[in-house]
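Student: I'd like to learn how to read a model like this one, feature by feature. Can we go through it together?

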Amino acid sequence: MNCNIHDDPLYSLVEWDTALIGKNVFQIHYSKDVDHNTWKAIDEKIRNFNTFFSFVKISADSIRDIRLFESLGYRFAENQLKVELKKNANPIKNPFSRHLRLEKINPTEEESVAEIIEIIDQIDFPDRYSNDELFGEEIAKIRYKNWIKNSVTDTSYDLFRYKNIADNQTVGIYLAKREENEVYLALLGICKSFQNRGLGIILLQEILKYYQDENYSNYYSYISSVNNSALNLHSYFGFRVTDSTIVLHKRYL
């Protein structure tokens, strides 16, 4: 890892991913006002920092600039969709209410947090890392585990588990962040052995109800275009796509 890197308005070292992967990872900060030659120079500069890979996020309607970065060797990773709900969802009947219960995790309960982190291995999270052959599922899961670890030190995050009342077994997890006037729905996961039973719908309903009781009515999330199940789930509750961003990756090493 190069310790003499200075961030620039047009790029920055992504410390979180760099620490996880053990190699330099950069984000390019796209601006439509920057010309091709400048981006080419930035790309070469980043390469000289012994960089593993870099990524850039570009508005989906900026086709010319997407093509520009592709000419520099960047390739499509995902279409990152922002979805929003500006009202409380209509309640649905929970057929599992006698058997399953939503439980908020106390961040000081280290055993409970550790259990949630281990459960990440039992959940599939289709995203730009897990679906990119340059990285694969292992790095994706490490990133999510680290997200959970970091969340317990941030009081604006809430970590939940959905558990079987009979044996206390966790069947799903949820991570959300309370903001001033809305809730960021960060991460939903159902363990593989409990998938395809409609539990994702029930868990999201429980989360929306929880925050409705906390006087929230606005919610948003970011969903990868490769995650059809998450898109369908949020659409079911009336979420609408409000923004679309193309993410491009380039690997150097």
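Tutor: Sure, let's start on a helix: tyrosine 144 and tryptophan 147 both lie in helix H5 (residues 137-151), three residues apart, about one turn of the helix. Helices (H or I, at least four residues) and strands (E, at least two) are DSSP runs, numbered from the N terminus. Keep in mind that this is a predicted model, where local features need pLDDT of at least 70, side-chain atom pairs count only at pLDDT 80 or more, and totals for chains, interfaces and linings use all residues. Residues are numbered from 1 along each chain as its sequence is written, and side-chain values use heavy atoms, with hydrogens and water left out.

Student: Why does a spacing of three or four places matter in an α-helix?

Tutor: An α-helix has 3.6 residues a turn, so residues three or four places apart point the same way. Here, tyrosine 144 and tryptophan 147 form a stacked aromatic pair, 6.2 Å centre to centre with 25 degrees between the planes. The rule is that rings of Phe, Tyr and Trp (its six-membered ring) pair if their centres lie within 6.5 Å; planes under 30 degrees apart count as stacked, over 60 as edge-to-face and the rest as tilted.

Student: Are those two buried or exposed?

Tutor: Tyrosine 144 and tryptophan 147 are both buried. Buried means under 20% relative accessible area, exposed over 50%, and partly exposed in between (1.4 Å probe, protein chains only).

Student: How many aromatic pairs are there?

Tutor: The count comes to 17. One of them is phenylalanine 26 with phenylalanine 49, stacked at 5.6 Å centre to centre and 20 degrees between the planes. Phenylalanine 26 sits in strand S2 and phenylalanine 49 in the loop between helix H2 (36-47) and S3, so this pair ties together parts 23 residues apart in sequence. Phenylalanine 26 counts as buried because its relative accessibility is 0%, and phenylalanine 49 also counts as buried, at 13%. Ring pairs also link Phe52, Phe53, Phe55 and Tyr129 into a cluster.

Student: How are the strands ordered in the sheet?

Tutor: Strands pair if DSSP finds at least two bridges between them. Ten strands make an open, mixed sheet in the order S1-S2-S3-S10-S4-S9-S8-S7-S6-S5. Strand S1 (11-13) and strand S5 (100-104) are at the edges with a single partner strand each, so one side of each has no neighbour in the sheet. From one strand to the next, the twist averages 25 degrees. Zooming in, S6 (residues 157-164) and S7 (residues 170-178) run antiparallel and are joined by seven bridges; leucine 159 has leucine 175 in S7 as its bridge partner.

Student: And which side of helix H7 faces inward, judging by its buried residues?

Tutor: Look for where burial clusters around the axis. In H7 (residues 228-236), the buried residues are Ala230, Leu231, Leu233 and His234. They cover an arc of only 165 degrees, taken from the directions from the helix axis to the C-beta atoms, which puts them on the same side of H7. Asn228, Ser229, Asn232 and Tyr236 are exposed on the other side.

Student: What do the buried residues of H7 pack against?

Tutor: Contact means heavy atoms within 4.5 Å. The buried residues of H7 pack against strand S4 (75-85), S7, strand S8 (183-190), helix H6 (199-213) and strand S9 (219-224). Just after H7, glycine 238 takes a positive phi of about 95 degrees.

Note on methods. Axes fitted to C-alpha atoms, helices over the stretch in contact; angles between N-to-C directions.
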